[in-house]
Amino acid sequence: MTTLNDELASVAAALSRSTVQIQDRRFGGGSGVIWQADGVIITNAHVIRSDRPTVKLADNWVLDAVCTNRDRLQDLAVLKVDATDLPAAPIGDSDTLRVGQMVFAVGNPLGITNALTTGIIHTVSSKNQTGKNQTGTWIQADIRLRSGNSGGALADTQGKVIGINTAIAGGLGLAIPSNIVERFLRRGTVKPYLGVTLQPVAIGRRYRRRLGLLILAVQADSLAESAGLLTGDVLTGVAGRGFTDISDLAEVLWQFSPGDLLQLNLIRAGKSAIAQIQIPDKSGAVAA
């Protein structure tokens, strides 16, 4: 038992060194995670209210930061500080999470620096308890979070960060999975752009109506044109997963990384069809 306690204490200490306090003179602050040793820090978009917050490291070293990328839909932001050899957190694979797995949350709740709390994974779901979410999936953990924990790390017992703590819903802590953060970093400021004008329509039988997205126009030289999408096509889902809201397509696009293959389900001339779209490594299109 003593050995286990020592190991967990060592993990907690390492996580604390990789956690920063984000300060904004006008708007308060929150937490962040040193994602890369060359000064890349990940936090929530709602934590960053200005483009130049300050970052306080675990050793009380205060650095000026610049927000290089922020997306309110995903509630993620990237900060850059002029420093090297920072204690970057090891990043885990959030796709391997299991219900019941023990996790740690590290942050700066209510002004307490590098506070740690423990809990277990409750579920990993594609919809949170309020129905809508920004990232396409959440990690839900039975863990106590407070104001100031936002942007901090959710980690496994090996000290690998598997999520960014974001909110509380129904008594559960909600975190953005690490793999979504990695995709966000790889994409940078480029947003996949399909290049279509859409209108929501009801499709299906009278008592089994579902949402479709009617293509009113296809932009020239767009991903949609290269995939052969046509005006009059009705998009019905992605990889067999139907739409429940007109914004679902944009949210799904954000989950794909450059180089991924996107499979769109559609109806053309009354028949079901599939269009495959390769997300470009360097997209010339910039909006979803």
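**Figure 1. The side chain of T166 makes a polar contact with the side chain of N44, at 3.2 Å.** This view, like the others, shows a predicted model. T166 belongs to strand 11, which covers residues 161-169. A second polar atom pair involves the backbone: the oxygen of I164 lies 3.0 Å from a polar atom of the T166 side chain. T166 counts as buried because its relative accessibility is 7%, and the cut-off for buried is under 20%. Leaving aside neighbours within four places in sequence, T166 is in contact with N44, H46, D75, W138, S150, L174, A175 and I176. One of these contacts, I176, is 10 residues away in sequence, with a C-alpha to C-alpha distance of 6.8 Å.

**Figure 2. Strand 5 pairs with strand 4 and with strand 6.** Strand 4 (residues 54-56) and strand 5 (residues 62-71) run antiparallel and are joined by three bridges. In this pairing, V55 stands opposite L63 of strand 5. Strand 5 also runs antiparallel to strand 6 (residues 76-81), and six bridges join these two. Here C67 has L79 in strand 6 as its bridge partner. In a regular strand, side chains alternate between the two faces of the sheet.

**Figure 3. Two hairpin turns hold residues with a positive phi, N60 and D75.** The hairpin of strand 4 and strand 5 has five residues between the strands. N60, in the loop between strand 4 and strand 5, has a positive phi of about 75 degrees although it is not a glycine. Most residues other than glycine have a negative phi. N60 counts as exposed because its relative accessibility is 51%, and the cut-off for exposed is over 50%. In the hairpin of strand 5 and strand 6, four residues lie between the strands, and D75 takes a positive phi near 55 degrees. D75 is also one of the residues in contact with T166, shown in Figure 1.

**Figure 4. D221 is another residue with a positive phi that is not a glycine.** The phi of D221 is about 60 degrees. D221 sits in the loop between strand 14 (210-218) and helix 3 (223-226). With a relative accessible area of 74%, D221 is exposed.

**Figure 5. Strand 7 pairs with strand 10 in the antiparallel sense.** Four bridges connect strand 7 to strand 10, which spans residues 153-156. F104 stands opposite A155 of strand 10. Strand 7 (residues 102-107) is mostly covered, with five of its six residues buried.

**Figure 6. S94 is a buried residue in a loop.** The loop that holds S94 runs between strand 6 and strand 7. S94 counts as buried because its relative accessibility is 6%. Not counting residues up to four places away in sequence, S94 touches I139, I162, P177, S178 and N179.

**Figure 7. L264 in strand 17 has a relative accessibility of 0%.** Strand 17 covers residues 261-268. At this value of 0%, L264 counts as buried. Beyond residues up to four places away in sequence, L264 touches L194, L229, L235, G237, V238, L249, A273, I274, A275 and I277. L229, one of these contacts, is 35 residues from L264 in sequence, and their C-alpha atoms are 9.8 Å apart.

**Figure 8. Confidence varies along the predicted model.** The average pLDDT of the protein is 84, and 87% of the residues score at least 70. Among the elements, strand 3 (residues 40-43) has the highest mean pLDDT, 96, and helix 4 (residues 248-254) the lowest, 75. Over residues 127-136 the pLDDT is below 50, and this stretch has 30 contacts in the model beyond near neighbours in sequence. Residues 282-288 also stay under 50, with 14 contacts beyond four places in sequence.

**Figure 9. The whole protein has four helices and 18 strands.** Of its 288 residues, 48% count as buried. The accessible surface comes to about 14,100 Å², and 50% of it belongs to carbon and sulfur atoms. Among contacts between residues at least 6 apart in sequence, 57% join residues at least 24 apart.

Key. Residues numbered from 1 in each chain as written. Predicted model: local features only at pLDDT ≥ 70, side-chain atom pairs only at ≥ 80, totals over all residues. Heavy atoms only, no water. Buried < 20%, exposed > 50% of the residue type's maximum accessible area, 1.4 Å probe, protein only. Pairing = 2+ DSSP bridges. Contact = heavy atoms within 4.5 Å. pLDDT = per-residue confidence, 0-100. Areas by Shrake-Rupley, 256 points an atom, 1.4 Å probe, with all protein chains shown as cover. Polar contact = N/O pair within 3.5 Å; in protein donor to acceptor, adjacent residues only side chain to side chain.
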